[in-house]
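The following report describes one model, beginning with a single helix and moving outward to the chain, the pairing of the copies and the DNA.

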2 protein chains.
Amino acid sequence: MTDQVTRPTTRSTYRHGDLRRALLEAGIALAQSGGPDAVVLREATRRAGVVPNAAYRHFASRLELLRAVRVAALSRLALSMEAELNTLSPALDGAELARGSLRAIGLGYLRFALTETGLFRSIFAVPYDWPAPPDPAKAGSSGLNPFQLLGVALDRMVEAGVLPTERRHGAEFLAWSAVHGFAMLVIEGPLHGLSREQADALGQRVVEMVEKGL
Amino acid sequence: MTDQVTRPTTRSTYRHGDLRRALLEAGIALAQSGGPDAVVLREATRRAGVVPNAAYRHFASRLELLRAVRVAALSRLALSMEAELNTLSPALDGAELARGSLRAIGLGYLRFALTETGLFRSIFAVPYDWPAPPDPAKAGSSGLNPFQLLGVALDRMVEAGVLPTERRHGAEFLAWSAVHGFAMLVIEGPLHGLSREQADALGQRVVEMVEKGL
DNA sequence: GTCACAATGTGGACATCGTCCACAAACCAT
DNA sequence: ATGGTTTGTGGACGATGTCCACATTGTGAC
């Protein structure tokens, strides 16, 4: 009668019960420790204690599994940004709050990229539509997804008068480019092997460059 | 007596004669039209008209072939930058020459990334040492590799007084981050599907952001 | 020139992967 | 109870990277 909550690779029942979730979680774990290429259908089914073909009842292909992993990764990225936003002093005035928000978004992005490298890389490992229909599964606890969080920060800058309205359009992509590029250079580029402190210091300068150059 | 210069997948001689080069060229072609994942050992040997194992006499593994492709890609990237540098008016004064050089480097980088996407992605698809021992195979016609070209542009800016000396250190990576990130967003990110004109226009703004924010 | 040796290409094999097809078991609505 | 739908199983195929033993060719010592 008691549910076999532990999942020791073997099952007594013919049906798994929650295979889709099990596969997704295995996929996330694989992505975390090995990046998108490590998200291997057969290994996920192995971890779920199921035969390889069973996966096809829940994901049309390996790519679909990767897409699901990507959505989960986006949500965690949003959480990382929100965590950074929450460190802002509530006593800040408009201009400083706006600038601080943009910095927080950037630093939250970098923190996620450098600590959850595998998941971060998985976000860009699969083709996807853009813009995508709003999907709460991609959001953080505020209900906003990473891109929306960035947009809000930029809007605050316009309201506070620290970003001219005529430069607002497309500014998401300028800011994103700089921070994303830095993350990639650290992860799989020439900046690989930088210590955490060095990466933080350089990352800080990247964010400042954006703030100043936007 | 006449050399069989054409290479119709079959050979009359037991020895190939120039297999390493043939494999590398096949690898480059595969990378060009399909990115790093398309660089498949067996396909390269097929194109060279040779059995799969023959590759192992010239490359220790698929990864080593990819590394060789990467070096070739770096050289072409340097050429793209140099081509952009050569469009600068020779009548420019120091400050404008310096700024123009930095812009040219950035635009050359972007042009290569967006027109030779497969090769560009191959540059970052494989782990490599950094800094690497100087290797002329990575350079353009000036003898400088892409990173050195960027360094020269930044040095010019310091000399011309448009970049404070105290900001020179590490500036390579700030500039590189922004341009690289933009390229990645266009190639495999949310900016995918941007028209050439749109990409050029936004790319211009990225370069300006760097110039202003460095 | 001959002959041993090094260099290079061949043949066959193995494990792994994604995916397809036919079949079996379990759940569900009638 | 029964028939249909959902979900998992079993077996197969072609592709890939890589390993080992073997065959062929070029080369240097004598």
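In this predicted model, the buried residues of α1(A) are covered by elements that include α2, α3 (62–85) and α5 (117–123) of chain A. The residues concerned are L23(A), L24(A), A26(A), G27(A), I28(A), L30(A) and A31(A), where a residue is called buried if 20 or more other C-beta atoms lie within 10 Å of its own, exposed if 12 or fewer, and partly exposed in between, with C-beta atoms placed from the backbone. Helices (H or I, at least four residues) and strands (E, at least two) are DSSP runs, numbered from the N terminus.

Residues are numbered from 1 along each chain as its sequence is written, and chains are lettered from A and ligands numbered from 1 in the order in which they are written. Because the model is predicted, local features need pLDDT of at least 70 and side-chain atom pairs count only at pLDDT 80 or more, whereas totals for chains, interfaces and linings use all residues.

**Helix α1 and the loop after it**

Helix α1 of chain A, residues 19–32, has 14 residues that should span 20 Å at 1.5 Å a residue, and its end C-alpha atoms are indeed 20 Å apart; the expected span is 1.5 Å times one less than the number of residues. In chain B, helix α1 (residues 19–32) also has 14 residues and reaches 20 Å from its first C-alpha to its last, close to the 20 Å expected. The buried residues of α1(B) are L23(B), L24(B), A26(B), G27(B), I28(B), L30(B) and A31(B), and they pack against α2, α3 (62–85) and α5 (117–123) of chain B.

Just after α1(A), G34(A) takes a positive phi of about 150°, and α1(B) is followed by G34(B), whose phi is positive, near 155°. Further along, A38(A) lies in the loop between α1 and α2 of chain A and counts as partly exposed, with 15 C-beta neighbours inside 10 Å. Leaving aside neighbours within four places in sequence, A38(A) is in contact with L30(A), A31(A) and S33(A), two residues being in contact if their C-beta atoms, placed from the backbone, lie within 7 Å. A38(A) and G27(A), eleven residues apart in sequence, are 8.5 Å apart in space, C-alpha to C-alpha.

**Chain A as a whole**

The secondary structure of chain A comes to eight helices and zero strands. Its C-alpha atoms fill a box of roughly 65 × 35 × 30 Å, taken along the principal axes, and 38% of its 214 residues count as buried. Among the contacts in chain A with a separation of 6 or more, 73% join residues 24 or more positions apart.

**How the copies meet**

Chain A and chain B are in contact through 27 residues of each. On the side of chain A that touches chain B, α7 (171–188) and α8 (196–213) each supply at least two residues, and α7(A) gives the most, with twelve residues. That side divides into 17 nonpolar, seven polar and three charged residues; Ala, Val, Leu, Ile, Met, Phe, Trp, Tyr, Cys and Pro count as nonpolar, Asp, Glu, Lys and Arg as charged, and the others, Gly among them, as polar.

Chain A can be laid on chain B with an RMSD of 0.0 Å by a turn of 180° and a shift of 0.0 Å along the axis, so the two copies are related as by a two-fold rotation axis. The superposition is by least squares on the C-alpha atoms of residues with pLDDT of at least 70 in both copies. The copies meet through the same surface, because 100% of the interface residues of chain A are also interface residues in chain B.

A nonpolar core is a set of buried Ala, Val, Leu, Ile, Met, Phe, Trp, Tyr and Cys residues joined through C-beta atoms within 7 Å. Of the 119 residues in the largest one, A175(A), V179(A), A175(B) and V179(B) touch the most other members. Not counting residues up to four places away in sequence, A175(A) touches L102(A), G106(A), L150(A), V210(A) and L214(A).

**The surfaces near the DNA**

A residue is near a strand if its C-beta atom, placed from the backbone, lies within 6 Å of it.

| DNA strand | Residues around it | Closest residues |
|---|---|---|
| Strand C | 20 residues | Y14(A), L41(A), S61(A), H16(B), V51(B) |
| Strand D | 19 residues | H16(A), V51(A), Y14(B), L41(B), S61(B) |

Helix α2 (residues 41–47) of chain A gives the most to the surface near DNA strand C, with three residues, and this surface has nine nonpolar, five polar and six charged residues. For DNA strand D, the largest share, three residues, comes from helix α2 (residues 41–48) of chain B, and the surface has nine nonpolar, four polar and six charged residues.
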